[in-house]
Amino acid sequence: MGQVRQTAKNTGKSYCWQRYGNILNIDTTGASAATARPEGLSYAGVHASEKIAERDLKNMEKYHARITEVGQNKCVDPALIAGIISRESHAGTVLDGGWGDRGNAFGLMQVDKRYHEPVGTWDSKEHLTQGTEILSGMLEEMQKKFPTWTKEQQLKGAISAYNAGPRNVQSYDGMDVGTTHNDYANDVIARAKFYKRNGY
């Protein structure tokens with residue numbers, strides 16, 4: 001009986017993050033050459049995003065349980081959280097004492113101390129919860145700003161806004177202009193789809 005209940009609970013939770021749209025249904029052009037080149041890749045696009053995400057997979061596994069728990073608690077797809085972590089900190093491998101961006105951004109999800117008071121340790125559940133709540137806040141902004149967009153379009157806009165702020169999102173096709181390397185949402189979505197296929 002316990003097992004049945006557990007399955008039902010899990011099904012309910014996975015449905016919970018679909019309320020914001022299904023990441024597998026979001027179109028993406030993947031990483032730009034500006035993102036791919038420093039990774040030693042001679043190609044760009046979805047394939048480049050997937051290759052970078054694959055390199056981060058082993059380190060990401062350390063945080064798998066935490067990412068899944070936070071995703072379920074906050075109704076955000078764990079694969080998307082993993083995609084942001086890959087883009088922001090290569091699953092923590094490029095951080096210096098938990099800090100990146102010249103000491104301005106904290107933790108796996110690189111919460112910017114200029115806009116937010118970082119909580120928890122750099123790889124903690126508290127930190128992941130904060131980063132995910134920031135993303136959720138951006139999603140609410142997109143829902144207000146673009147009420148006619150589909151859930152998937154609003155979610156993609158929220159990912160772009162996580163990097164460059166909601167004001168930077170002016171149109172669907174141009175949302176990544178002004179983000180780091182002008183590809184943030186597209187790259188994160190492509191990485192998230194990879195993690196979705198790999199157990200997140």
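A nonpolar core is a set of buried Ala, Val, Leu, Ile, Met, Phe, Trp, Tyr and Cys residues joined through side-chain atoms within 4.5 Å. The close-ups below come from a predicted model.

**View 1. The largest nonpolar core has 46 residues.** Four members touch the most other members: L80, I85, I159 and Y195. Six helices each give two or more residues to this core: α3 (46-60), α4 (64-74), α5 (78-89), α6 (125-145), α7 (151-164) and α8 (184-197). The most comes from α8, with seven residues. Another core, of five residues, lies apart from the largest one. Among its members are A31, A36, L41 and I52.

**View 2. I85 and its contacts beyond the local sequence.** Neighbours within four places in sequence are left aside here. I85 is then in contact with M60, I67, H90, A91, L108, M109 and L128. I85 is also one of the core members that touch the most others.

**View 3. W99 pairs with F106 and lies under the charge of K113.** The count of aromatic pairs comes to six. In the pair formed by W99 and F106, the ring centres are 4.9 Å apart. The planes meet at 55°, so this pair is tilted. W99 is partly exposed, at 29% relative accessibility. F106 is buried, at 9%. The charged end of K113 sits over the W99 ring, 5.6 Å from the ring centre.

**View 4. F146 and W149 form a stacked ring pair.** Their centres are 3.9 Å apart. Their planes differ by 5°, so the pair counts as stacked; the cut-off is under 30 degrees. F146 is buried, with a relative accessibility of 12%. W149 is buried too, at 14%. Y172 joins F146 and W149 in a cluster linked by ring pairs.

**View 5. A salt bridge joins D27 and K156.** The whole structure holds 12 salt bridges. In this one, the N to O distance is 3.4 Å. D27 is in the loop between α1 (2-18) and α2 (33-36). K156 is in helix α7. The two residues are 129 residues apart, and the pair links distant parts of the chain. D27 is partly exposed, with a relative accessible area of 44%. K156 is buried, at 3%.

**View 6. K125 and E69 bridge two helices.** The closest N and O atoms of this salt bridge are 2.8 Å apart. K125 lies in helix α6 and E69 in helix α4, so the pair ties together parts 56 residues apart in sequence. K125 is partly exposed, with a relative accessible area of 33%. E69 is partly exposed, also with a value of 33%.

**View 7. K196 and D77 meet in a salt bridge.** The N to O distance is 3.0 Å. K196 belongs to helix α8, and D77 to the loop between α4 and α5. The pair therefore ties together parts that are 119 residues apart in sequence. K196 is partly exposed, with a relative accessible area of 22%. D77 is buried, at 7% relative accessibility.

**View 8. A network of salt bridges links four residues: R87, D183, D187 and R191.** Side chains of opposite charge can pair when their charged atoms come close. In this network, R87 and R191 are linked with D183 and D187.

Key:
Residues numbered from 1 in each chain as written. Predicted model: local features only at pLDDT ≥ 70, side-chain atom pairs only at ≥ 80, totals over all residues. Heavy atoms only, no water. Buried < 20%, exposed > 50% of the residue type's maximum accessible area, 1.4 Å probe, protein only. Helix = DSSP H or I, 4+ residues; strand = E, 2+ residues; numbered from the N terminus. Contact = heavy atoms within 4.5 Å. Phe/Tyr/Trp six-rings, centres within 6.5 Å; stacked < 30°, edge-to-face > 60°. Lys NZ or Arg CZ within 6 Å of the ring centre and 35° of its normal. Salt bridge = Lys/Arg side-chain N within 4 Å of Asp/Glu carboxyl O.
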